[in-house]
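I opened my notebook today to go through one structure step by step. Here is what I looked up, in the order I looked.

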Amino acid sequence: MNEPAVRVDTTSQVPPYAQIRAQLGALILTGRLVEGDRLPTVRQLATDLGLAPGTVARAYRELEAAELIRTRRGAGSRVAAPPAGPTRSYAPQLATLARDFTSSARALGADTEAILAAVRDALDPDRAQPSRPGSV
């Protein structure tokens, strides 16, 4: 995985593992990382980001639980194949993305109504209204 890079904002209220999980998850779900793409080792990514290996390992474990990556001892971590068939449940990935988004929005100082308004606007850009007080 030479590009795209993962970055961690150490000043953010969002924990570093959540930032890594969200960024890698987004790269996978948008197709910028595809099935079989190799991820950096836990140690390598931790070194690159200046983090403890346990932080990166937690992000990888959560991505594996969401079935976005697969890890084999000695073979490293790779982007997983999407489940076959139309019955795929996006619930785990959506829950992860929602948690990451709300954590980031709260770190900006947004309240629940502003967060919900931002999601509604993203779902239906034609209904987007001018910024509201407290909106993101």
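## Entry 1: The whole chain

I began with burial: 31% of the 136 residues in the chain are buried. I noted right away that this is a predicted model.

Next I went through the secondary structure and found five helices and two strands. Reading from the N terminus, I wrote the order of elements as α-α-α-β-β-α-α.

Then I turned to contacts with a separation of 6 or more, and 49% of those in the chain join residues 24 or more positions apart.

## Entry 2: The two strands

How do β1 and β2 pair? I found that they run in the antiparallel sense, with four bridges between them; β1 covers residues 69–72. Within this pairing, R72 is set opposite G76 of β2.

The two strands make a hairpin, and three residues sit between them. In that turn I checked the backbone of G74, where phi is positive, at about 85 degrees.

I also looked at the two faces of β2, which spans residues 76–79. S77 and V79 belong to the covered face, while G76 and R78 belong to the uncovered one.

## Entry 3: Two loop residues

E67 sits in the loop that links α3 (53–65) to β1. Is E67 buried or exposed? I put E67 down as exposed, because its relative accessibility is 53% and the cut-off for exposed is over 50%. The phi angle of E67 caught my eye too: this residue is not a glycine, yet its phi is positive, near 65 degrees.

E35 is in another loop, between α1 (16–29) and α2 (42–49). With 51% relative accessibility, E35 also counts as exposed.

Which residues does E35 touch, once neighbours within four places in sequence are set aside? My list reads V79, A80, A81 and P82. I recognised V79 from the covered face of β2. I also looked up E35 and I69: they are 34 residues apart along the chain, and their C-alpha atoms are separated by 8.6 Å.

## Entry 4: Q19 in α1

I moved on to Q19, which belongs to helix α1. Its relative accessibility is 10%, so Q19 counts as buried, given that the cut-off for buried is under 20%.

Leaving out neighbours within four places, I found Q19 in contact with R7, V8, D9, S12 and V14. I then checked Q19 against S104: 85 residues lie along the chain from one to the other, and 9.2 Å separates their C-alpha atoms.

## Entry 5: Two residues of α4

Helix α4 spans residues 91–107, and D100 is part of it. Is D100 buried or exposed? D100 has a relative accessible area of 7%, so I marked this residue as buried. Apart from neighbours within four places in sequence, D100 is in contact with A18, R21 and A22.

F101 is in α4 as well. I called F101 partly exposed because its relative accessible area is 34%, which falls between the cut-offs of 20% and 50%.

With neighbours within four places left aside, the contacts of F101 are I115, A118 and V119. F101 and V14 are 87 residues apart along the chain, with 9.6 Å between their C-alpha atoms.

## Entry 6: Rings

I searched for aromatic pairs and counted zero in the structure. I did find an arginine at a ring: R58 lies over the face of Y17, 3.7 Å from the ring centre.

## Entry 7: Empty space inside

How many cavities of 30 Å³ or more does the structure hold? My count is one. The space in the largest cavity comes to about 40 Å³.

I wrote down the residues that line the largest cavity: R21, G25, L29, L63, A66, L68, Q93, T96 and L97. The elements giving two or more residues to this lining are α1 and α4. R21 was a name I had met before, as one of the contacts of D100.

Note on methods: Residues numbered from 1 in each chain as written. Predicted model: local features only at pLDDT ≥ 70, side-chain atom pairs only at ≥ 80, totals over all residues. Heavy atoms only, no water. Buried < 20%, exposed > 50% of the residue type's maximum accessible area, 1.4 Å probe, protein only. Pairing = 2+ DSSP bridges. Contact = heavy atoms within 4.5 Å. Phe/Tyr/Trp six-rings, centres within 6.5 Å; stacked < 30°, edge-to-face > 60°. Lys NZ or Arg CZ within 6 Å of the ring centre and 35° of its normal. 1 Å grid on protein atoms, 1.4 Å probe; cavity = no way out; pocket = protein on both sides within 12 Å on 5 of 7 lines; lining within 4 Å. Points joined across faces, edges and corners; volume = space filled by probe spheres on them.
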